[in-house]
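Reader: I would like a close look at one part of this model, namely how its helices pack against one another, and after that a word on how the packing sits among the sheets, the domains and the chain contact. Please go carefully and keep the parts connected.

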Number of protein chains: 2
Amino acid sequence: MNKEIVKPAILPGFMELIPADQILFNRMKDIIRDNYERYGFLPIDTPVMERAEVLLAKGGGETEQQIYEFTKGDTDIALRFDLTVPLARYVAQHFSELTFPFKRYHIGKVYRGERAQRGRFREFYQCDIDIIGNGSLDIINDAEIPSIIYSTFKDLGFDNFTIKINNRKVLKGLFEWLGIKDSTMVLRSIDKLEKIGIEKVKLELDEQGIAEDAMNKIIEFIQISGTNEEKLERLSLLEIDNDKFNEGLEELTIVNRYIKAFGVPIDNYIIDLTIARGLDYYTGTVYETFLDDYTDIGSICSGGRYDDLASHYTKQRLPGVGISIGLTRLFYQLYEANLLKVKEAASIEVIVIPMKGCLDKSIEISNNLRDGGIRTQIYLEKGRLGKKFGFADRLNVPYVLLIGTEEIEKDRYTLRNMRTGEQTMLSIDDIVSKLRG
Amino acid sequence: MNKEIVKPAILPGFMELIPADQILFNRMKDIIRDNYERYGFLPIDTPVMERAEVLLAKGGGETEQQIYEFTKGDTDIALRFDLTVPLARYVAQHFSELTFPFKRYHIGKVYRGERAQRGRFREFYQCDIDIIGNGSLDIINDAEIPSIIYSTFKDLGFDNFTIKINNRKVLKGLFEWLGIKDSTMVLRSIDKLEKIGIEKVKLELDEQGIAEDAMNKIIEFIQISGTNEEKLERLSLLEIDNDKFNEGLEELTIVNRYIKAFGVPIDNYIIDLTIARGLDYYTGTVYETFLDDYTDIGSICSGGRYDDLASHYTKQRLPGVGISIGLTRLFYQLYEANLLKVKEAASIEVIVIPMKGCLDKSIEISNNLRDGGIRTQIYLEKGRLGKKFGFADRLNVPYVLLIGTEEIEKDRYTLRNMRTGEQTMLSIDDIVSKLRG
């Protein structure tokens with residue numbers, strides 16, 4: 001045939017892994033799912049594409065120009081760019097079929113046509129949990145969320161990470177009290193404290209026309225230090241007579257009090273009054289999570305409390321709290337920095353190699369191993385023994401089981417540890433126990 | 001605020017489930033994945049969108065007008081419409097990084113803008129496995145595939161299903177021998193035998209200009225009956241002097257011989273000489289799988305052997321064999337026919353209900369249960385006990401654990417079986433053992 005060859009390549013900005021790395025990625029995904037399920041979150045799975053008018057109901061926003069949008073027939077279609085908008089639509093649409101507080105997890109791909117750059121992906125997995133109340137949602141839920149972050153990253157193999165917690169009402173109340181009307185810009189500046197330093201924050205505030213008195217109060221506020229309890233006490237000593245401030249302080253106090261009960265060690269969380277999260281979306285508690293030794297990676301898990309999830313789709317007031325892990329980016333960064341903690345995973349536990357004339361017995365034994373729950377591949381091609389071992393070697397499997405006539409006679413089979421080279425002759429039962437253990 | 005409400009609805013032709021059903025769906029997906037992994041297949045995950053010229057390299061085909069295609073910037077993009085074309089591209093692209101025979105599984109969503117109709121979906125999960133050889137691939141692999149189908153559907157809860165097996169070389173060789181040049185139409189007609197009956201097949205063959213002699217031979221051929229071994233013997237007794245026919249007969253004989261060794265019970269597979277699979281793509285062994293008592297559902301798992309996977313992307317010859325389960329459609333059909341066999345799944349195993357003043361202890365106990373591997377939700381809202389029980393009831397969880405002051409004093413907690421209404425007071429250790437068991 002005289003066919004033209006099309007160059008096999010994916011689009012720029014997409015992640016595609018070879019199987020050995022895909023196994024590591026999937027292991028991380030499985031650990032996250034397992035933790036979400038352990039805390040009683042229920043799964044949902046929404047379509048990747050939706051009506052554009054639904055996904056863009058909120059309008060505006062930085063992401064809008066990044067959205068993949070197209071027309072099929074006479075329908076305007078968009079690909080989801082996060083899992084929060086689909087959740088809002090889902091809860092509004094299925095409202096009467098759901099039980100509130102509705103705890104759902106969703107792990108799926110989302111799409112953003114970002115400018116291509118290293119470590120940014122146009123298709124990426126988000127792993128989200130949210131707790132949605134019908135009309136109200138107790139503040140205690142905000143204290144449970146950090147324990148899920150803790151448990152998840154612990155299971156992902158990390159010890160040294162810090163969940164930073166704040167409450168936007170505290171900040172907003174302060175600004176109200178100071179007579180600052182548009183706090184959005186001020187919040188954004190404060191949010192950058194860690195990145196740009198106190199002097200540049202001052203400069204930005206000055207440019208925004210914040211008076212010196214107010215600025216000094218803000219600086220005093222964001223420099224409050226000490227233990228979590230000391231911070232809370234110093235906040236109350238500021239004697240700011242503002243309802244929103246006091247509400248925020250009370251919420252933060254409750255969250256701080258119960259995080260301990262939920263089992264998060266004191267070393268893994270901290271109240272950080274400068275964390276605001278850029279998004280206007282959040283209205284109360286906010287979270288960011290950092291690897292202590294690699295803060296460059298940025299927040300590895302963020303989220304917060306919002307007043308009303310689905311106001312674009314329903315008149316029901318649906319307050320909620322949630323977090324998101326951007327798994328594709330996280331995996332990429334950990335991988336590049338050689339920080340992946342998931343065990344080097346051999347998805348295949350053993351490769352069965354039949355010697356000449358021993359195919360039937362080898363198949364039978366493979367069946368037995370699989371029945372014993374061992375992930376088993378049998379090598380079915382003809383060829384020299386060296387070629388067969390080479391195959392197992394390249395797949396980097398921990399064990400090879402050799403089936404020859406001598407083995408069949410003795411009903412003992414040669415199990416080769418591919419790491420150590422050690423070979424032992426064992427019965428099938430012993431092999432199953434050994435591989436299971 | 002004076003906001004316009006957008007009606008929360010998904011596009012027609014998409015499946016979206018409430019959590020209770022999503023859990024069942026996920027359980028099926030997990031069982032399929034588990035089986036694919038048990039047989040030593042490695043995971044891959046390719047982008048949902050690719051360059052249109054890559055996905056459409058093969059050109060033509062019925063699916064082409066169903067493809068979601070759009071332009072972003074100056075790039076023509078298409079959404080994948082199956083997992084085979086991305087596999088071909090993947091293997092060609094990563095050829096030097098893969099170990100052959102390459103056994104990969106891929107479970108992911110694909111997109112086809114089909115005319116909307118009941119039970120047809122525009123977004124659906126495919127669950128594929130393929131074994132790809134480099135240059136050659138032993139026929140024994142074709143005998144392993146049915147054992148994976150068997151093991152998977154067995155684990156999905158089915159007993160009465162039949163894997164129908166044929167080899168297209170047998171059919172093609174017969175047609176060559178009969179001097180029929182364009183066998184595609186003939187194959188399609190034969191493929192419809194079960195649906196339309198022998199007389200209509202004859203009519204179609206006649207319309208295709210098949211001579212009477214040849215037609216009689218075809219009819220004699222497709223009516224061959226008996227056990228698998230009898231069928232193979234009767235095929236050889238036809239004394240058809242054609243290389244392709246004989247090659248096919250030999251392959252089918254080997255596959256039949258080894259399927260047994262791979263542990264598929266005789267009741268669960270059959271050689272069916274009329275199975276051809278419409279697609280030209282397949283060149284050897286072909287598979288279709290039917291539920292014996294519900295053949296209306298059509299084939300629930302199909303596939304076959306092909307000569308060359310990736311001829312559009314590479315000059316390497318890559319023969320392979322594989323199967324696909326269209327999970328979304330399968331789930332829908334089983335669900336509608338009330339044939340789902342996966343156990344009614346309570347993702348949440350226990351809901352902890354704190355009585356007034358017992359929140360701290362309740363949180364502590366929830367932590368303990370989760371550490372014990374129990375999927376635990378704690379009810380954190382304030383309210384009457386009846387409301388709390390109502391919540392657990394609606395979520396249909398098997399157990400509720402009640403924590404009150406009396407329980408805390410005795411260090412024994414009230415575990416209520418929500419199915420039977422039975423209540424017992426147990427220690428935390430006993431509760432963990434009971435829920436684990």
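Author:
**Helix packing and its surroundings**

Helix H6 (residues 183-191) of chain B packs with helix H7 (residues 193-207) of chain B at an angle of about 140°, and their axes are 7 Å apart. H6(B) and H7(B) are therefore oblique to each other, since an angle has to be over 145 degrees to count as roughly antiparallel. From H6(B), the residues that make this contact are Val186(B), Ser189(B) and Ile190(B), while H7(B) supplies Leu193(B), Val201(B), Glu204(B) and Leu205(B). Sorted by class, the residues of the contact of H6(B) with H7(B) are five nonpolar, one polar and one charged. All of this is read from a predicted model, and the angles and distances given here should be taken in that light.

Chain A has a helix pair to set beside this one. There, helix H6 (residues 183-191) of chain A and helix H8 (residues 198-207) of chain A have axes that come within 9 Å and cross at roughly 170°. That crossing makes H6(A) roughly antiparallel to H8(A). Val186(A), Ser189(A) and Ile190(A) of H6(A) form the contact with Val201(A), Glu204(A) and Leu205(A) of H8(A), and the residues of this contact divide into four nonpolar, one polar and one charged.

A further helix pair in chain B involves helix H4 (residues 140-155) and helix H10 (residues 243-261), whose axes come within 8 Å and cross at roughly 45°. With that angle, H4(B) is oblique to H10(B), and the crossing by which H4(B) passes H10(B) is right-handed. On the H4(B) side the residues are Ile140(B), Asp142(B), Ala143(B) and Pro146(B), and they meet Ile254(B), Val255(B), Tyr258(B) and Ile259(B) in H10(B). The residues of this contact comprise seven nonpolar, no polar and one charged.

Turning from helices to strands, chain B holds an open sheet of five strands in the order E13-E12-E14-E15-E16, with mixed pairing. Its edge strands, each of which pairs on one side only, are strand E13 (376-378) and strand E16 (423-426) of chain B, and the twist from one strand to the next averages 25°. Within that order, strand E15 (residues 413-417) of chain B pairs with E16(B) in the antiparallel sense over four bridges, and Thr414(B) has Met425(B) in E16(B) as its bridge partner.

In chain A, an open sheet of eight strands, again with mixed pairing, follows the order E1-E5-E6-E11-E10-E9-E7-E8. Strand E1 (42-43) and strand E8 (269-271) of chain A are its edge strands, each pairing on one side only. Strand E9 (residues 285-291) and strand E10 (residues 302-306) of chain A run antiparallel and are joined by two bridges, with Tyr287(A) standing opposite Gly303(A) in E10(A).

As for the wider arrangement, chain A is divided into domain 1 (19-336) and domain 2 (350-436), and the centres of these two domains of chain A, taken over C-alpha atoms, are separated by 49 Å. Between the chains, 75 residues of chain B are in contact with 75 residues of chain A. On the side of chain B that touches chain A, the largest share, six residues, comes from helix H1 (residues 19-38) of chain B, and that side has 33 nonpolar, 18 polar and 24 charged residues.

Definitions and conventions
Residues are numbered from 1 along each chain as its sequence is written. Chains are lettered from A and ligands numbered from 1 in the order in which they are written. This is a predicted model: local features need pLDDT of at least 70, side-chain atom pairs count only at pLDDT 80 or more; totals for chains, interfaces and linings use all residues. Two residues are in contact if their C-beta atoms, placed from the backbone, lie within 7 Å. Ala, Val, Leu, Ile, Met, Phe, Trp, Tyr, Cys and Pro count as nonpolar, Asp, Glu, Lys and Arg as charged, and the others, Gly among them, as polar. Domain bounds come from an automatic or database domain assignment. Axes are lines fitted to C-alpha atoms, for helices over the stretch in contact, and angles run from 0 to 180 degrees between N-to-C directions. Angles under 35 degrees count as roughly parallel, over 145 as roughly antiparallel, 65 to 115 as roughly perpendicular and the rest as oblique. A crossing is left-handed if the near helix is turned anticlockwise from the far one by less than a right angle, and right-handed if clockwise. Two strands pair if DSSP finds at least two bridges between them.
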